[in-house]
Amino acid sequence: MCETWTNGSQGRARGRLLIHVSLSLLVASSMVVGCGRDESALVIRDVSVVDVAAGVVHPGMTIIVRGDRIARVDSGLRVPTGARAVDGSGKYAIPGLWDMHVHLAALDTFPRAPEILVSYGVTGVRDMGGRLEELDRLRTDIRSGRRMGPRMIAAGNTINGTAAADFHLVVEKPEDVRGALEGLVRWGADFFKIHNQLAPDVFHAVAEESRSLGMRFVGHVPRGVGLLEASAAGMGSLEHSEAWMEAELFRSDEPAADMREALERLSDEAGRRLFETIAANGTAMTPTLSGYRAFIDEQEDPDRRELGERLYARLAAVAGVAHAAGVTILAGTDFRSAPGEKLHRELALLVDAGLSSSAALRAATSNAASFLGVDAGLVAEDLDASFVLLDANPLDDIRNLARISAVVLRGRYFSPDELRRLRD
């Protein structure tokens, strides 16, 4: 047990000090945390840590957080004197979740979306396009602590061939690409997002200039550009399973005759070969099944709903084929409702599509962090101290994500009552 000496003779103190030094030398290579008072530390004791990369659980662990970093994770760690200690027995610690396709300042907005996301364990987001002024204000407020919200990796304006939305930046000629991209870099864009009405020659100019600027570009495959062409050009991630089908319908060389043929190209052996090439190119895919699922659920006409159900089943199966072929799957929602809650549903839909619970969980944690190159995605030492405590094991059932006990956001602990206040 760690001790703090404030009284007693100098001799006793010196003796204890010698013993302490000797013991410190003896265990220098062990996993025991040194003694000392640390009232700023947060300690989660006796918790089961879910290793999402390996798909296993390590019980009886202690997590020590200092500031916004995870300092230690191991069994048998001593609790620093004065630290805030939380009993994690019966709990499961998972990395903070990432929603890899959101629009926080575009289309339908939710004034309290950042806080609601945190309440559902979403501690990071990839914002895929929005109004610059609103995005900038929101990022600044979150970074400064004026608002509670997830870490934001943002594109800024979406690059498109027409103004399909008020946050779209219209680029019609290849010679205008560099200026547009440099403007987004000056704003603070972390990557570039493109849309499907970008002309093919402009698309390839974006690919070339992105490489020149050392930036990644992602988004919708433009009409006239197929999935393989987009992947070979260096596109980082391909969004929306229905857009993958659309890309086969509108590719310039041998377009599919109809949706049935497009889906056949993405399924079974043909789809496996296509997705293996996409995986070899290092291109990730974000199915956003929950977005299309919500569209179907809103249909009141029975015939339209039945058609939508059949199409959804095929699109979900395509996501499963892509995963089986080795494509990195990212979990995103494109939410128009239920921020946070919808990401939980996305992971459940990925499991229904054929991913294991651990693979689905990776799509929102370690896959996301690796893709973005950020210090997150695992409950491990020296990483961002953003993680979630659950009352049940998500590897047993991915729907256990709904059983949130607490959230730690960049080192700040949110109790169940505090999470309810964020959500309400």
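The following paragraphs lead through selected strands, salt bridges and surface charges of this structure.

The model is predicted, so that local features require pLDDT of at least 70 and side-chain atom pairs pLDDT 80 or more, while totals for chains, interfaces and linings use all residues. Residues are numbered from 1 along each chain as its sequence is written, and side-chain values use heavy atoms, with hydrogens and water left out.

Strand S16 (residues 404–409) offers a starting point; strands (E, at least two residues) and helices (H or I, at least four) are DSSP runs numbered from the N terminus. Six of the six residues of S16 are buried, so this strand is largely enclosed by the rest of the structure. Here buried means under 20% relative accessible area, exposed over 50%, and partly exposed in between (1.4 Å probe, protein chains only). Strand S15 (residues 387–390) runs antiparallel to S16 and is joined to it by four bridges; two strands pair if DSSP finds at least two bridges between them. Within this pairing, Val388 stands opposite Val407 of S16. S16 also pairs with strand S17 (residues 412–414), in the antiparallel sense and over three bridges, and there Val408 stands opposite Tyr413. S16 and S17 form a hairpin with two residues between them, and Arg410 in the turn has a positive phi of about 50°.

Salt bridges provide further links, each being a side-chain nitrogen of Lys or Arg within 4 Å of a carboxyl oxygen of Asp or Glu. The structure holds 30 of them. In one, the side chains of Arg72 and Glu381 meet at 3.4 Å, N to O. Because Arg72 lies in strand S3 (residues 69–74) and Glu381 in the loop between helix H14 (366–372) and S15, this pair ties together parts that are 309 residues apart in sequence. Arg72 counts as buried at 19% relative accessibility, whereas Glu381, at 30%, counts as partly exposed.

Another salt bridge joins Glu248 and Arg265 (3.3 Å, N to O). Glu248 belongs to helix H7 (residues 241–250) and Arg265 to helix H8 (residues 259–265), so the pair connects parts 17 residues apart in sequence. Both Glu248 and Arg265 are buried. A third example is the salt bridge between Arg305 and Asp297, at 3.7 Å, N to O. Arg305 is partly exposed, with 31% relative accessibility, and Asp297 is partly exposed at 31%. Salt bridges with shared partners also join Glu248, Arg251, Asp253, Glu261 and Arg265 into one network.
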